[in-house]
Every structure is written in C-alpha cells, then in structure tokens.
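Hi everyone, thanks for making time. I'd like to walk you through a structure that's probably new to most of you, so have a look at it first.

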Amino acid sequence: MMGYEQMNQMTMKTTTMMKNFNKVGPISTPHKKTMRRSVSAIDGGATAAAAGEGDRGQNLETLDLSGMSLASLPASSINLASISKLDLSNNNIQFLIQQIPESLVARMLNLWALDLHSNQLKTLPNSIGCLSKLKILNVSGNNLQALPKTIEDCRSLEELNANFNELTLLPDTIGFELTNLTKLSVNSNKLVLLPSSLGHLTSLRVLDARLNCLVSLPEDLENLVNLQVLNVSQNFQHLKTLPYSVGLLISLVELDVSYNGIRVLPDSIGCLRRIQKLSVEGNPLVSPPFEVVEHGLEAVKQYMSEKMTESNNKTPTKKKLWGIGKMVKYKTFHGFSSSPGRSPGRRTGGDRHREEREGFINVSDYRQIDGLASPRHVSLFNPRRLLSPLSTFFSPPRY
C-alpha cells in the first residue's frame, strides 16, 4: 500500500509536468496551423481559451470560424494578410458586402481558399476580384441571384461551387477570364442559359449544371478538351436538344443528360471513345430507341455511329463548278488532248458540245504559250504592226 509521502511526491511531479506542458503549448504540425477561435476570443476576450496566450499576432494559415452563429466578421482582431484559408460556413452572415467592408476583403492578399457556404448571403462584394491568389471559392447554400462581374479577376480560381442558390445567369465573359478553372458547380439554381464563353474554359474537367431551367447548351463545347464529367440532368422539360459538339468532347468519361425533354441524341455521341458512363433515362427518346438503350452504352454508341455513317452516305455531293475543268475553259490550263486516232478535224458537233459541256476543250484549238516566243511570232510585236489598222493587228500570222 502506497504511503502518504509517496503519493505526495507523485502529485508534485504531475503538477510540474502540467505546468511545463502549459508553457510549451499545444503541438502543431510544422507545415500547417489550424486556428479554431471561440466567439469570445475573436471579440477581444481571452484568446488563450482557444489557442494559448502566445498565438495572438502569429502568422496563421487556416482560420476556422464555421458554425459560430456569426452575423459578421470581427476583423479588428484578425491579421487578414496572414490568412491563407478562411472558413465562415454555417453562420448567419446575410450581407457580406455590408458586414465585411471591401477594404478588408482587399487585404486578404494571401487567401487561396474561401468557404462561405450555408449562410444567407444575397450578394458578394466587388472587392472579391482583389483576391488574386484565390483558388477555391465555395458560396453554395446561399441566396445569391448573381455573381459579381469582378469574379473574373480571380484568374487563379480553380474550383467554383455556387450550388443551391438563386442564380439566373453567370457573367458573360467568365470563360474568357477564368482559364484555370477545372471545376464549375452551379447545380440547383435557376439558370436558363450558360454563357457562350464557357467553351473557352480549356482547363475545365467537371461541369455540373443539373437541376436548373436550361433550355440549351453552348454550341462550341468541342473546345473543352479536358472535360471529363458533364452533368446537365434534371432540367426536365426545358432542355430538349443537345448540341452536336457534345460528341466531340474527346476526354469525356461521364455524360448525364437524364430526366430532360430530349427526343433525339446527336449522332456525334458515337464518336465518344472514352465514355464510360452514359445516363439518358427519363427522356422521351426516339433516337436511339428504347430497345437499343436497354442494351447498354456500347449498343448506343454503335447505333449512333451507324446512323452518322448512314447520314453521311445519303448527303449528295455537289458538282464542282470551279474545278479544273472550269479553269481549262477559261484557258488557264491546257485541256485534255484528243483521243488517239482522232484528228481535230474529224470531231463532230456533238463531240464538241459534249466537251464544252463537261468543261474541257481540245488542246488543238489553242496555240501553246511558248509558241509566242518563237521567231515566227516575233513579228506580232513589231512597232510597225502595232500601228497598223486593227484588222491587220488581229489577223493571224502566216506560216
């Protein structure tokens, strides 16, 4: 049984270890610091309650303020320039443009990830365009009706998540500016059209535009050479056709057009060599018919490929009006020589008519160009001949 003195010594040792631990502070990884501050600490209270007394003023990499019922960002106690990742999700920040002055947003020079999902935001500040290093932006689950045009200035942006909002349109020139964008998620909005500039997002890998009111897709999607996933499902009766360029997406692996009003898939679907998943259920499809669809992806690809080939074979070839024959008729080139054994004088009127109708003229009807340089033709350019009457000038030389 342990004596009283032994127990007292162990208690003193434990107390000493706890004091030393409190002096050292919590262990952090050398590459990343995650700061989770309480509301009282942010408002200027005891910062040590969340991260220790020595953390104020230190460089932060991640600031997690999610789920704190914040109505605004108390930025007076935060060194905004030191933050690389800011999480303000699941709060009550309704008006970011009013609660966070644009001057403060512009100070987040090193911010590369901003999470604002599940608030009640109705707008974003124009100063968001100052976040030149921003790569990930999550504004899903809000009440946004439009994105500010200045978002095009975030040229480092790689992922944009604007799901579950009230968006009716996207900035017109978004495809010309956000050339580094790899993932665009705008599902569960009120979009009627996608901007035509979308076809210039050559780095885009995922496009999720389901659960909208889309009536059509941009025509020039073939420029999305890196697109792997395209989901435009559940636009219901609004989306009735797909552009031919959908079948020209050379990297496409997954295509979901289910639950729309599509009756005919473009024949170019047969050209999708890398496609692994094709979802077309919930459409009133006529081509391909249901009996083909139920046999799976390969059957659909084969059907569409054969249909495309059949369509090309039925296309009439137009007669060339300005081919080599037309050029010969206007004496640009020499025509075909007469048939062996048939002299020019033996040609009948029907032969000449047939040759002229086909655009070819017998060589014997014209003198060769090099003949003009021969001695017998030099007299044509004699000054005395040039000054003679027109009838003499145009008369053929004598042989």
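**A walk through the model**

Let's start with V300, which counts as buried because its relative accessibility is 4%, and buried here means under 20% relative accessible area, with exposed being over 50% and partly exposed in between (1.4 Å probe, protein chains only). Before I go on, a word on where this comes from: it's a predicted model, where local features need pLDDT of at least 70 and side-chain atom pairs count only at pLDDT 80 or more, while totals for chains, interfaces and linings use all residues. Residues are numbered from 1 along each chain as its sequence is written, and side-chain values use heavy atoms, with hydrogens and water left out.

Okay, back to V300. You'll find it in helix α8; helices (H or I, at least four residues) and strands (E, at least two) are DSSP runs, numbered from the N terminus. What does V300 touch, if we skip its neighbours within four places in sequence? The list is L278, P288, V292 and V293, where contact means heavy atoms within 4.5 Å. Take L278 from that list: 22 residues separate it from V300 along the chain, and their C-alpha atoms are 9.2 Å apart.

P288 is worth a stop too. The peptide bond leading into it from S287 is cis, with omega near 0°. P288 sits in the loop between β11 (277-279) and α7 (290-293).

Now for the inside. The largest nonpolar core has 68 residues, and L86, L137 and L255 have the most contacts inside it. By nonpolar core I mean a set of buried Ala, Val, Leu, Ile, Met, Phe, Trp, Tyr and Cys residues joined through side-chain atoms within 4.5 Å. Helix α8 (residues 297-314) gives the largest share of this core, three residues. As for L255, again leaving aside neighbours within four places in sequence, its contacts are L230, V246, I269, L272, I275, K277, L278 and S279. So L278 turns up again: it's on the contact list of L255 and on that of V300.

Next, a pair of backbone oddities. F236 has phi near 55°, a positive value in a residue other than glycine, and Y259 also has phi near 55°. F236 is in the loop between β9 (229-231) and β10 (254-256), while Y259 is in the loop between β10 and β11. Are they buried or exposed? Neither, really: F236 is partly exposed at 41% relative accessible area, and Y259 is partly exposed at 42%.

How many disulfides does the structure hold? Zero, counting a disulfide as a pair of cysteine sulfur atoms within 2.5 Å. Look at C130: its closest cysteine sulfur is in C154, 8.5 Å away, which is too far for a bond. C130 is partly exposed at 40% relative accessibility, whereas C154 is buried, with a relative accessible area of 0%.

Let's zoom out to finish. The protein has 13 helices and eleven strands. Of its 399 residues, 39% are buried. Among contacts between residues at least 6 apart in sequence, 43% join residues at least 24 apart. And the protein exposes about 23800 Å², with carbon and sulfur atoms supplying 55% of that; the areas come from the Shrake-Rupley method with a 1.4 Å probe, and for residues only the protein chains shown count as cover.
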